[in-house]
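Work through the exercises below with the sequence and the 3D structure at hand. Each task is followed by a solution in steps.

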Amino acid sequence: MDYILHLILLCGIYMILAMSLNLINGKCGQFSLGHAGFWAVGAYTGASFTVFTGWPLPGFLMLFLSCIVSFLCAALAGVLIGVPCLRLRGDYLAIATLGFGEIIRIIIINMDVVGGPRGFTDIPKLSNLFWTYFWVGITILTFRNLMHGTHGRAIISIREDEIAAESMGIATFKYKTLAFVIGAGFAGIAGTLFAHAQQFISPQNFIFMWSAYILLMIILGGLGSFTGSIIGATLFLLLGEALRFFGETVAEYRMIIYALLLVLLMLLRPQGLFGKGELKFFWKGSKT
Amino acid sequence: MSESTTLFLYDLATYLLNGITQGSVYALIALGYTMVYGIIQLINFAHGEFYMMGAFIGFFALVSGVPIWLALPASMLGAGLLAMVTERLVYRPLRNAGRIPALVTALGMSLFFQYAGQALLGATPRSFPQVIPTKTYQWGELYVTNIQLLIIFCTFVLMVFLWWLVNKTRVGKAMRATSFNHHVAELMGIDTNKIIGLTFFIGGAFAGVAGILVGMYYNTIDPTMGMIPGIKAFVAAVLGGIGIIPGAVLGGLVLGVAENLVVGLWVSTYRDAIAFAILILILLFKPAGLLGSPKREKI
């Protein structure tokens, strides 16, 4: 039972990760492969905040504060990485963000304060189902309202055609950075929740493969669909768990199956489950 | 010259030599990267896995007693065929789907080869058989092994061969035409599918050579060995100017030397960060690469 509750909690974290990457990749069309890096920044800053300050506050308040701190830190990392990288386009941007994601991990390995390669231990268990899904709700609300306003329209226009958007007077660089920074910030929140759920994090948790997994989640659900990301994250988790039922050997082939799934999705159904659409009852009045 | 200065110079020469050796390996992989990118604008993430496959084919051939002069062409052929089959089955249906779907597919193929390799061949590193006895030549305090010389020699010969193939032969002319404009090349009677397949074959074969040479140099191979050199070879190709053949070799050498100097003179834990730092700097300040000329996007 505990295990199932833990899985539901992880599922919420994956949802936040997938939605935040979808804002960058699906809505704004800026292909980032370094999302695990922002996740790592959030996890490490959030955990450092609770462990090193040690304020005698109730757990939920501490978690709330560390979510805010990790949001700010990951968003700051998003600015530092986004401003130089977002001048690049398409596949160059993908490789540059991949590079930054790895650099973040290498920097963490070299920081002895947070345990370096040994990992960060003794993080208090503060995440619970309520607060995780509270943040999932905040993410949904924020992204929904963002996409309904002027900013959201501008972000979508960049995905559709960057040159046309620029000639219509949209400050494309500003909106690209905005989407990138907000996406990074929410990945940071997911990181804090993850650190306080697992109680132990190490640089091995944030390797490049995880960026590929988050990408798989959003491609599965549909690039550009937030409800799709939620379903995609859930399916990703369920698939991983379902494979366990077939015994240890099949669970070892999990990675092969994920990789094949990614390739087959691209070949057979590149738009994913939902394409760019949203589930209507869930995402009222949204057309894009 | 005082003794410490002399020693420092010998150290520096050693780092340079190691850097050039490692850079030659990056260059061999980067040649394939740059050819594939030049012809269909695809960042073939799975290219590093062809290098891994070349190393493993060489390993199994040598272990079963095949002499080295047969094992080398065998691993070239095997890695090349694998590259060609991958192109035929996976990349060709996506050729007109845009760059991002192709990139995601390449990423998926790379992960697939790595984990399929781990499942089939085992995740533990294997020690590569020593087929050529290592000879060390000494010059003062500087040591050079015959394998290092072999790697540098092979890279140079293959680069010259590739340059000759692309610039002086009919096939090369067809390759250049295909990369310049796919549709017009087809109208001129060039079988572009065949040419693209051939490009993948040559790229894969070069990566296969790099794999077997690295096996002899470091004496250890494992199924995930292709990931990091693959990405670094891409960095090398971008550094030299993607699509330019001498550029790939230049980029590989610069990257190898830079890495070894940083590791030798500063800290070893940042080894893998150097390549990415170089990539980001070159993309920001000279996106066309060291030997490329800038292009503006037009509507």
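**Exercise 1. A salt bridge in chain B**

Classify B:Glu87 as buried or exposed from its relative accessible area, then describe its pairing with B:Arg95.

Solution. The model is a predicted one.
Step 1: B:Glu87 has a relative accessible area of 1%. Buried means under 20%, so B:Glu87 is buried.
Step 2: B:Arg95 has a relative accessible area of 21% and is therefore partly exposed.
Step 3: B:Glu87 and B:Arg95 form a salt bridge, and their closest N and O atoms are 2.6 Å apart.

**Exercise 2. Two helices and a network**

Find the helices that hold B:Lys232 and B:Glu259, and state what their salt bridge ties together.

Solution.
Step 1: B:Lys232 and B:Glu259 form a salt bridge with 2.9 Å between the closest N and O atoms.
Step 2: B:Lys232 is in helix H9 (residues 227–240) of chain B, while B:Glu259 is in helix H10 (residues 245–265) of chain B, so the pair ties together parts that are 27 residues apart in sequence.
Step 3: B:Lys232 and B:Glu259 are both buried.
Step 4: Elsewhere in chain B, salt bridges with shared partners join B:Glu87, B:Arg92 and B:Arg95 into one network.

**Exercise 3. A salt bridge in chain A**

How many salt bridges does the structure hold over all chains? Describe the one between A:Lys176 and A:Glu162.

Solution.
Step 1: Over all chains, there are seven salt bridges.
Step 2: In the bridge between A:Lys176 and A:Glu162, the closest N and O atoms are 2.9 Å apart.
Step 3: A:Lys176 belongs to helix H8 (residues 172–198) of chain A and A:Glu162 to helix H7 (residues 162–167) of chain A, so the bridge ties together parts that are 14 residues apart in sequence.
Step 4: A:Lys176 is buried, at 4% relative accessible area. A:Glu162 is buried as well, at 13%.

**Exercise 4. Aromatic rings**

Which kind of aromatic pair do B:Phe56 and B:Phe60 form? Go on to the ring cluster of chain A.

Solution.
Step 1: A pair of aromatic rings is described by the distance of the centres and the angle of the planes.
Step 2: The count of aromatic pairs over all chains is 36. One of them joins B:Phe56 and B:Phe60, with 6.3 Å from centre to centre and 35° between the planes. This pair is tilted.
Step 3: B:Phe56 and B:Phe60 are both in helix H2 (residues 47–63) of chain B, four residues apart, or about one turn of the helix.
Step 4: B:Phe56 is buried, at 2% relative accessibility, whereas B:Phe60 is partly exposed, at 37%.
Step 5: In chain A, ring pairs link a cluster whose members include A:Tyr14, A:Trp39, A:Phe120 and A:Tyr258.
Step 6: A charge can also sit over a ring: A:Lys27 lies over the face of A:Phe226, 5.2 Å from the ring centre.

**Exercise 5. A nonpolar surface patch**

Which residues make the nonpolar surface patch of about 620 Å²?

Solution.
Step 1: The patch is made by A:Trp55, A:Leu57, A:Phe60, A:Leu61, A:Phe64, A:Ile68 and A:Leu72.
Step 2: Take A:Phe60, which is in helix H3 (residues 59–85) of chain A. Its relative accessibility is 44%, so A:Phe60 counts as partly exposed.

**Exercise 6. Contacts of three residues**

For A:Ser48, B:Thr155 and A:Ile231, give the helix, the burial class and the contacts, leaving aside neighbours within four places in sequence.

Solution.
Step 1: A:Ser48 is in helix H2 (residues 35–53) of chain A. With a relative accessible area of 17%, A:Ser48 is buried. The contacts of A:Ser48 are A:Thr53, A:Val114 and A:Phe120.
Step 2: B:Thr155 is in helix H5 (residues 146–168) of chain B. At 3% relative accessibility, B:Thr155 is buried. B:Thr155 touches B:Ser24, B:Ala27 and B:Leu28.
Step 3: A:Ile231 is in helix H10 (residues 226–244) of chain A. At 31% relative accessibility, A:Ile231 is partly exposed. A:Ile231 touches A:Leu273, A:Phe274 and A:Leu279.
Step 4: A:Ile231 and A:Leu220 are eleven residues apart in sequence, with 8.4 Å from C-alpha to C-alpha.

Conventions: Residues are numbered from 1 along each chain as its sequence is written. Chains are lettered from A and ligands numbered from 1 in the order in which they are written. This is a predicted model: local features need pLDDT of at least 70, side-chain atom pairs count only at pLDDT 80 or more; totals for chains, interfaces and linings use all residues. Side-chain values use heavy atoms; hydrogens and water are left out. Patches are made of residues with over 30% relative accessible area and no salt bridge: like charges are joined within 9 Å, nonpolar side chains (Val, Leu, Ile, Met, Phe, Trp, Tyr) within 5 Å. Accessible areas come from the Shrake-Rupley method with a 1.4 Å probe; for residues, only the protein chains shown count as cover. A salt bridge is a side-chain nitrogen of Lys or Arg within 4 Å of a carboxyl oxygen of Asp or Glu. Buried means under 20% relative accessible area, exposed over 50%, partly exposed in between (1.4 Å probe, protein chains only). Contact means heavy atoms within 4.5 Å. Rings of Phe, Tyr and Trp (its six-membered ring) pair if their centres lie within 6.5 Å; planes under 30 degrees apart count as stacked, over 60 as edge-to-face and the rest as tilted. A charge sits over a ring if NZ of Lys or CZ of Arg is within 6 Å of the ring centre and within 35 degrees of the ring normal.
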